Amino acid sequence: MPVERAFGPAVPTDRPLQAVEIHRPSTLGVVDTDLKDVRGTPIGVSCKTCHGSPSQELTRGAPKDFHRGLKITHGQLSCTACHDQDRSRLHLADGQKLDFDQVIHLCAQCHGTQYRDYSRGAHGGMSGYWDLRRGGRERNSCVDCHSPHRPAYEKMWPVHPPKDRFLDWKETHEQP
Ligand code: HEC
Ligand code: HEC
Ligand code: HEC
Ligand code: HEC
């Protein structure tokens with residue numbers, strides 16, 4: 001006897017493709033604080049608060065040693081490899097300015113292999129519809145997973161090692 005199967009209605013082939021959107025982390029381009037507003041939303045400080053003046057000097061009253069000690073673990077890169085003179089923006093090696101939400105193009109500049117894999121769906125994950133005629137899809141931004149200042153994942157064992165009956169003897173046997 002053949003197995004009965006139920007299929008949903010076919011999607012018309014002429015239906016327009018829905019959009020693929022790249023997620024924008026809400027903390028992008030602000031300095032996080034421990035403070036929360038009345039609704040419990042975390043408060044971030046915009047870069048312009050201190051780096052607002054066109055002459056690139058710090059705004060009067062800005063704390064002088066703020067994030068001066070920030071250490072980064074990302075090759076030998078200096079801050080200005082990514083951050084523009086206008087601190088509320090990033091820039092590419094050729095000087096082209098990028099807004100913070102275009103950060104993927106910054107990463108792609110040096111990590112072409114991963115960007116190619118990402119563009120083809122093999123890196124970075126996604127959620128939503130495989131068939132874009134049925135609905136949209138959301139992709140992560142590189143900085144959803146990688147901190148730009150410390151991007152590498154810690155090495156780890158994927159599972160607990162098997163328990164060794166003889167080495168773990170003490171756990172299951174009372175000491176004499
Ligand atoms: C509360 C004040 C304050 C805020 C907010 C702030 N900064 Fe700064 N920033 C400073 C101070 C102070 C320095 C060190 C003095 C300088 O180099 O102008 C600095 C320096 C820097 C430098 C240069 C570091 C170096 O060693 O050359 C970068 C890059 C930078 N800030 C990026 C940012 C970005 C991006 C933001 C927003 C996400 C931001 N800052 C928000 C106060 C601030
Ligand atoms: C590889 C590129 C890259 C380098 C190098 C880099 N940054 Fe950033 N930085 C970014 C990006 C992208 C963001 C936004 C990420 C976010 O807000 O989630 C950011 C966010 C920040 C912020 C705001 C968020 C936070 O962590 O407080 C500050 C301040 C900052 N950078 C300062 C610096 C300073 C100072 C240096 C040098 C010591 C530096 N950055 C080096 C790419 C870089
Ligand atoms: C100007 C070039 C440049 C830019 C821009 C840049 N990177 Fe890197 N990245 C490097 C270099 C150089 C290394 C160090 C490679 C090494 O140590 O072998 C590195 C290392 C890494 C690593 C760790 C690789 C590993 O496993 O050791 C990750 C992950 C990474 N970057 C992600 C990012 C992301 C995400 C962005 C965008 C926010 C970015 N990079 C922007 C040059 C860059
Ligand atoms: C869903 C989370 C996620 C997103 C989004 C993501 N990555 Fe990764 N990335 C990873 C993981 C997990 C690894 C593997 C870490 C390991 O094996 O040690 C990795 C590894 C890397 C490496 C190290 C080289 C390697 O293959 O081991 C680089 C460079 C990198 N990613 C760049 C990027 C760039 C550029 C983007 C954006 C276009 C991006 N990643 C988006 C999770 C992500």
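1. The shell around ligand 1 is mixed in class: 10 nonpolar, five polar and three charged residues. In total, 18 residues surround this ligand. Cys 47, Cys 50, His 51, Pro 63 and His 67 are the closest. Keep in mind that this is a predicted model.

2. Which elements each supply at least two residues of the shell around ligand 1? They are strand E2 (30-36), strand E3 (42-46) and helix H1 (48-51).

3. Two histidine side chains make polar contacts with ligand 1. For His 51, a side-chain N or O atom is 2.8 Å from a nitrogen atom of the ligand. For His 67, the corresponding distance, again to a nitrogen atom of ligand 1, is 2.7 Å.

4. Ligand 2 also has 18 residues around it. Gly 29, Cys 79, Cys 82, His 83 and His 149 come nearest. The class make-up of this shell is 11 nonpolar and seven polar residues, with no charged ones. Ligand 1, by contrast, has three charged residues in its shell.

5. Polar contacts of ligand 2 involve side chain and backbone. His 83 places a polar side-chain atom 2.8 Å from a nitrogen atom of the ligand. His 149 has a side-chain N or O atom 2.9 Å from a nitrogen atom of ligand 2. At Gly 29 the partner is a polar backbone atom, 3.1 Å from an oxygen atom of ligand 2.

6. Next, a helix pair. Helix H2 (residues 103-110) and helix H3 (residues 112-119) have axes that come within 6 Å and cross at roughly 125°. That angle makes H2 oblique to H3. On the H2 side, the contact is made by Ile 104, His 105, Ala 108 and Cys 110. H3 contributes Gly 112, Tyr 115 and Tyr 118. By class, the contact residues are five nonpolar and two polar, with no charged.

7. Finally, the sheet. Three strands form an open sheet with mixed pairing, in the order E1-E7-E6. Strand E1 (20-22) and strand E6 (126-128) stand at the edges with a single partner strand each, so one side of each is left without a neighbour in the sheet. Neighbouring strands are turned by 25° against each other on average, direction ignored.

8. How do E6 and strand E7 (residues 137-139) run, parallel or antiparallel? They run antiparallel, joined by three bridges. Within this pair, Met 126 stands opposite Arg 139 in E7.

Key. Residues numbered from 1 in each chain as written. Chains lettered and ligands numbered in written order. Predicted model: local features only at pLDDT ≥ 70, side-chain atom pairs only at ≥ 80, totals over all residues. Heavy atoms only, no water. Pairing = 2+ DSSP bridges. Helix = DSSP H or I, 4+ residues; strand = E, 2+ residues; numbered from the N terminus. Axes fitted to C-alpha atoms, helices over the stretch in contact; angles between N-to-C directions. Near = heavy atom within 4 Å. Polar contact = N/O pair within 3.5 Å; in protein donor to acceptor, adjacent residues only side chain to side chain. Nonpolar A, V, L, I, M, F, W, Y, C, P; charged D, E, K, R; others polar. Parallel < 35°, antiparallel > 145°, perpendicular 65-115°, else oblique. Contact = heavy atoms within 4.5 Å.
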